[in-house]
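Could you walk me through a few details of this protein? I am new to it and would like short answers with the reasoning shown.

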Amino acid sequence: GSTRKGYLKGVDEHIFRLLHGAVAETRRWPHSGTTIRWLGNGIRTAKTPNAWEFTNGKTGETTRCRHPSRDDPVDRKWHGATPHFLNEAIATMAIDGETEGARICRYWRTAPDLAQTKRRDYSLPDDMMVEEVRPTFSMDEKWLLLVSPRDLERPLWLLSLADGQCQPLPLPKGFLASNRSLFTPDCQLLLLPSFERLHVWNLPEGRWEPGVAIPKHARVNQGWSPYSVSPSRPWRVAFSCGAPVIVMVANLEEGTTTRAAATPPFEGDAHSTAVRWLGNDRLVVGSHRPAKLWLLEADGSGGRQLLP
């Protein structure tokens, strides 16, 4: 085992990568001063003061992509924006509410094959409310969901990064704006959790699927951890909720949910728990209050504690 005191005590870099991969928030190795993340294709990234460094674990090759200039009045906004780690690039965005009478989405792309981060600007509809917009990127860099929580009638806007078209999505029944939305790994479905239901937007067909009802015992107002989608079976979605934490697996094809249990039972709450798939049939669950690690069967047939 590793001696690093990371997110979970005694867990080495491989477990850290599993629990905090491309869909998780940015974290740092304690005392290192370096932000370490991985792209969806396995390329390791490290942010330095002047550039993002990309390292190919198979070849050992390292490339650098320089940050945008702080002197540019537009590009300087990149430095305060949140990075999103996709399959082959790091995406960053910011919205200018009024630029010469127009609403503009600034989109920056940082990648191993670029010497410097590049920006592309997208015009947004005049009637879109852009205050406090929350973005969700598809891993293939084709779509950007913009959630506008202040707009009660049209809070969901889908921007095509290919042609710049930005359209509002019709609201499903019972929808409440959420910052936990995500695209499935194959980028065919958009998942939007609400209090009573996991809503599912079919991207190729442009319509809402039936989705999955959240069981009453899981409808607790304690917050959800980010949802995690099975890598090769995108209709299986794992999430945690509640205090003490409950781990659920939703089957989008069957419209059912299964509770994944462990022995001894979980401790802590959903805010301090990360749930990730290990292949397509097992889940790794990590908690840092207290620091523990579990391995679960996704079908609910059992599980066991691995660490400590």
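Below is a friendly exchange about a predicted model, looking at one strand and then at some cysteines.

Me: How many of the residues of strand 14 are buried?
Reply: Happy to start there! Strand 14 covers residues 189–193 and is mostly covered. Leu-189, Leu-191 and Pro-193 point one way, while Leu-190 and Leu-192 point the other way, and all are buried. The count of buried residues in strand 14 is therefore 5 of 5.

Me: Which residue of strand 14 stands opposite Phe-183?
Reply: Let's look at the pairing. Strand 13, residues 182–183, pairs with strand 14 in the antiparallel sense over 2 bridges. In the hairpin of these two strands, 5 residues lie between them, and Cys-187 there takes a positive phi near 60°. Opposite Phe-183 stands Leu-190.

Me: What is the bridge partner of Leu-189 in strand 15?
Reply: Strand 15 spans residues 197–202 and runs antiparallel to strand 14, with 5 bridges joining them. A hairpin of 3 residues connects the two strands. Within strand 15, Leu-189 has as its bridge partner Asn-202.

Me: Why is there no bond between the sulfurs of Cys-166 and Cys-105?
Reply: A disulfide needs two cysteine sulfur atoms within 2.5 Å. The closest cysteine sulfur to that of Cys-166 is in Cys-105, and it is too far for a bond because the distance is 8.2 Å.

Me: How many disulfides are there by this rule?
Reply: Cys-166 has its closest cysteine sulfur at 8.2 Å, too far for a bond. With the cut-off of 2.5 Å, the number of disulfides comes to 0.

Me: What is the relative accessibility of Cys-65, and is that buried or exposed?
Reply: Buried means under 20% relative accessible area. Cys-166, at 9%, is buried. Cys-65 also counts as buried, because its relative accessibility is 0%.

Key: Residues numbered from 1 in each chain as written. Predicted model: local features only at pLDDT ≥ 70, side-chain atom pairs only at ≥ 80, totals over all residues. Heavy atoms only, no water. Buried < 20%, exposed > 50% of the residue type's maximum accessible area, 1.4 Å probe, protein only. Helix = DSSP H or I, 4+ residues; strand = E, 2+ residues; numbered from the N terminus. Pairing = 2+ DSSP bridges.
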